[in-house]
Amino acid sequence: MNQNVGATDRQLRTALGAIFGTGSLAILAGVGSLPTILSPVLGVIAIMMLGTAATGTCGVYSVLGVSTCPMEAEN
């Protein structure tokens with residue numbers, strides 16, 4: 001599978017993954033006042049965001065034909 005996630009998109013996904021992961025752990029620790037059922041949802045979103053940022057490939061982008069990678073210059 002070709003990479004379809006650009007550098008800015010990767011940074012954004014990494015930041016969001018960290019935020020959602022921290023939120024998930026905060027709910028489990030009882031720090032947040034959000035419902036406990038929200039913790040696994042945020043955890044799954046965090047794993048998906050961090051996974052797509054690490055691999056540079058997004059399945060949804062592939063299905064939709066979207067790419068945020070800059071086009072490579074042809075020689």
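## Notebook: helices, contacts and cysteines

I began at serine 67, which sits in the segment after α3 (59-64). This is a predicted model. I looked up the exposure of serine 67 and got 44% relative accessibility, so it counts as partly exposed. Setting aside neighbours within four places in sequence, I listed its contacts: Gln3 and Asn4. I also checked polar atoms. One in the side chain of serine 67 lies 3.3 Å from the backbone nitrogen of cysteine 69. For a long-range distance I took threonine 14, 53 residues away along the chain from serine 67. Their C-alpha atoms are separated by 17 Å.

**Asparagine 4**

Asn4 came up as a contact of serine 67, so I went there next. Where does asparagine 4 sit? I found it in the segment before α1 (7-29). Is asparagine 4 buried or exposed? It is buried, at 5% relative accessibility. I then wrote down its contacts, again without neighbours within four places in sequence. They are Gly56, Thr57, Cys58, Tyr61, Ser62, Val66, Ser67, Thr68 and Cys69. One of these, serine 62, also makes a polar contact with asparagine 4, side chain to side chain, at 3.2 Å.

**Cysteines**

Next I counted disulfides. The count is zero. Cysteine 58 is in none, and the nearest cysteine sulfur, on cysteine 69, is 11 Å away. I read the search from the other end as well. Cysteine 69 is in no disulfide, and its nearest cysteine sulfur is that of cysteine 58, at 11 Å. The cut-off for a disulfide is 2.5 Å between sulfur atoms, so a pair beyond it does not count. I checked burial for both residues. Cysteine 58 is buried, with a relative accessible area of 7%. Cysteine 69 is partly exposed, at 23%.

**Helix α1**

I turned to α1. It has 23 residues. From first C-alpha to last, α1 reaches 33 Å, close to the 33 Å expected at 1.5 Å a residue. Which residues of α1 are buried? I noted Asp9, Arg13, Gly17, Gly21, Ser24 and Ile27. An α-helix has 3.6 residues a turn, so residues three or four places apart point the same way. What do the buried residues of α1 pack against? They pack against α2 and α3. After α1 comes glycine 30, and I read a positive phi for it, near 85°.

I looked at two further residues of this helix. Phenylalanine 20 lies in α1. At 26% relative accessibility, phenylalanine 20 counts as partly exposed. Beyond its neighbours within four places in sequence, it touches Leu42, Ile45 and Ala46. Phenylalanine 20 and serine 33 are 13 residues apart in sequence, and their C-alpha atoms are 15 Å apart in space.

Alanine 26 is also in helix α1. I got 24% relative accessibility for alanine 26, which makes it partly exposed. Outside the four-place window, alanine 26 is in contact with Val31 and Gly32. I also took the distance from alanine 26 to glutamine 11, 15 residues apart along the chain. It is 22 Å between C-alpha atoms.

**Helix α2**

I ran the same checks on α2. It has 18 residues and reaches 26 Å from its first C-alpha to its last, close to the 26 Å expected at 1.5 Å a residue. Its buried residues are Ser39, Leu42, Gly43, Ala46, Thr52 and Ala53. What covers them includes α1. Just after α2, glycine 56 takes a positive phi of about 75°.

I picked out serine 39, which is found in α2 (residues 38-55). At 2% relative accessibility, serine 39 is buried. Its contacts, leaving aside neighbours within four places in sequence, are Ser24, Ile27 and Leu28. Ser24 and Ile27 are among the buried residues of α1.

**Rings**

Last, I searched for aromatic pairs. The structure holds zero. I then asked about charges over rings. Which charged end sits over the ring of tyrosine 61? I found that of arginine 13, 5.0 Å from the ring centre. Arg13 is on the list of buried residues in α1, and Tyr61 is on the contact list of asparagine 4.

Note on methods:
Residues are numbered from 1 along each chain as its sequence is written. This is a predicted model: local features need pLDDT of at least 70, side-chain atom pairs count only at pLDDT 80 or more; totals for chains, interfaces and linings use all residues. Side-chain values use heavy atoms; hydrogens and water are left out. Rings of Phe, Tyr and Trp (its six-membered ring) pair if their centres lie within 6.5 Å; planes under 30 degrees apart count as stacked, over 60 as edge-to-face and the rest as tilted. A charge sits over a ring if NZ of Lys or CZ of Arg is within 6 Å of the ring centre and within 35 degrees of the ring normal. Buried means under 20% relative accessible area, exposed over 50%, partly exposed in between (1.4 Å probe, protein chains only). Helices (H or I, at least four residues) and strands (E, at least two) are DSSP runs, numbered from the N terminus. A polar contact is a pair of N or O atoms within 3.5 Å; within protein, one must be able to donate a hydrogen and the other to accept it, and residues adjacent in sequence count only if both atoms are side-chain atoms. Contact means heavy atoms within 4.5 Å. The expected span of a helix is 1.5 Å times one less than its number of residues.
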